[in-house]
Amino acid sequence: MNRKTHFLTQSALIAALYVALTYISSALGLASGVIQVRFSEALTILPMFTQAAVPGLFIGCMAANLLTGAAVWDIVFGSFATFIGALGTYRFGKNPYIGAMFPIVSNTVIIPFVLKIAYGVGEGYSFLFFTIFVGELISCGVLGVILAKALGKTNVFKR
């Protein structure tokens, strides 16, 4: 398989996996709302292993938000937050703890404004920053780091 095909295939698989994991989180009532624990956000650690994860995560987040009925602001800016986090993880994520920090920070900074503007969530920004931080800490900081450590012991992303 040539490099471009390999890259596109990895991106598409990551996007599809993001959507599937978001649906599972949504079915359990965890994917939206003030405290969001999306299992799919654990995948934001994947740019440590492959550059193809950056567009895959962005497209997956956008598709998941669109398919789960998110508001336009959430589709655009929520996906953008994931994209920024993925870029940071790709560029600076040499270990899983550092890699996980980028999606945690980007979502913690951007998503409270999305919740306030798109959904009219009435809580104050301090509360929203805290709850989004907690959800991202669980998704990226705990589940993502576990995923990175597990993948680090395999050759799944070796070519």
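**A nonpolar surface patch and selected helix and loop residues**

Helix H3 supplies the largest share of the nonpolar patch, with six residues. The model is a predicted one, and the patch is a handy place to start looking around it. About 830 Å² of nonpolar surface is made here by Val72, Trp73, Val76, Phe77, Phe80, Ile84, Phe113, Ile117 and Tyr125. Two elements give two or more residues each, namely helix H3, spanning 72-92, and helix H4, spanning 96-119. One of the patch members, Ile117, sits in helix H4. Ile117 counts as exposed because its relative accessibility is 55%, and the cut-off for that label is over 50%.

Helix H4 also holds Ser106, which tells another story. Ser106 counts as buried because its relative accessibility is just 7%, where buried means under 20%. What does the side chain of Ser106 reach at 2.8 Å? The partner is the backbone oxygen of Ala81. The Ser106 side chain also reaches a backbone nitrogen, that of Gly85, at 3.5 Å. Once residues up to four places away in sequence are set aside, Ser106 touches Ala81, Ile84 and Gly85. Of these, Ile84 turns up again among the residues that make the nonpolar patch.

Ile104 is another helix H4 residue. With a relative accessible area of 7%, Ile104 is buried. Its contacts, not counting residues up to four places away in sequence, are Phe133, Glu136, Leu137, Cys140 and Gly141. Tyr23, on the other hand, is 81 residues from Ile104 in sequence, and the two C-alpha atoms lie 20 Å apart in space.

The contact between Ile104 and Glu136 leads on to helix H5, residues 125-152, where Glu136 is found. Which side chain of opposite charge is nearest to the buried Glu136? That turns out to be Arg38, at 7.2 Å, and Glu136 has no salt bridge. A salt bridge would need a side-chain nitrogen of Lys or Arg within 4 Å of a carboxyl oxygen, so a separation of 7.2 Å does not qualify. What Glu136 does have is a polar contact of 3.4 Å, side chain to side chain, with Asn107. Leaving out neighbours within four places in sequence, the residues in contact with Glu136 are Gln36, Glu41, Pro103, Ile104, Asn107 and Gly141. Gly141 is thus on the contact list of Glu136 and also on that of Ile104.

Two residues from the loop between H1 and H2 round off the picture. Ile35 lies in this loop and counts as partly exposed, its relative accessibility being 46%. How far apart are the C-alpha atoms of Ile35 and Thr131? They are separated by 5.3 Å, although the two positions lie 96 residues apart along the chain count. Thr131 is also touched by Ile35, as is Leu30, when residues up to four places away in sequence are not counted.

Met48 belongs to the loop between H1 and H2 as well, with helix H1 covering 3-27 and helix H2 covering 53-67. Met48 is partly exposed, with a relative accessible area of 22%. Setting aside neighbours within four places in sequence, Met48 is in contact with Thr89, Gly93, Lys94, Asn95 and Pro96. Ala86 is 38 residues from Met48 in sequence, and their C-alpha atoms are 8.9 Å apart in space.

How values were computed. Residues are numbered from 1 along each chain as its sequence is written. This is a predicted model: local features need pLDDT of at least 70, side-chain atom pairs count only at pLDDT 80 or more; totals for chains, interfaces and linings use all residues. Side-chain values use heavy atoms; hydrogens and water are left out. Patches are made of residues with over 30% relative accessible area and no salt bridge: like charges are joined within 9 Å, nonpolar side chains (Val, Leu, Ile, Met, Phe, Trp, Tyr) within 5 Å. Accessible areas come from the Shrake-Rupley method with a 1.4 Å probe; for residues, only the protein chains shown count as cover. Helices (H or I, at least four residues) and strands (E, at least two) are DSSP runs, numbered from the N terminus. Buried means under 20% relative accessible area, exposed over 50%, partly exposed in between (1.4 Å probe, protein chains only). Lys and Arg count as positive and Asp and Glu as negative; His and the chain ends are not counted. A polar contact is a pair of N or O atoms within 3.5 Å; within protein, one must be able to donate a hydrogen and the other to accept it, and residues adjacent in sequence count only if both atoms are side-chain atoms. Contact means heavy atoms within 4.5 Å.
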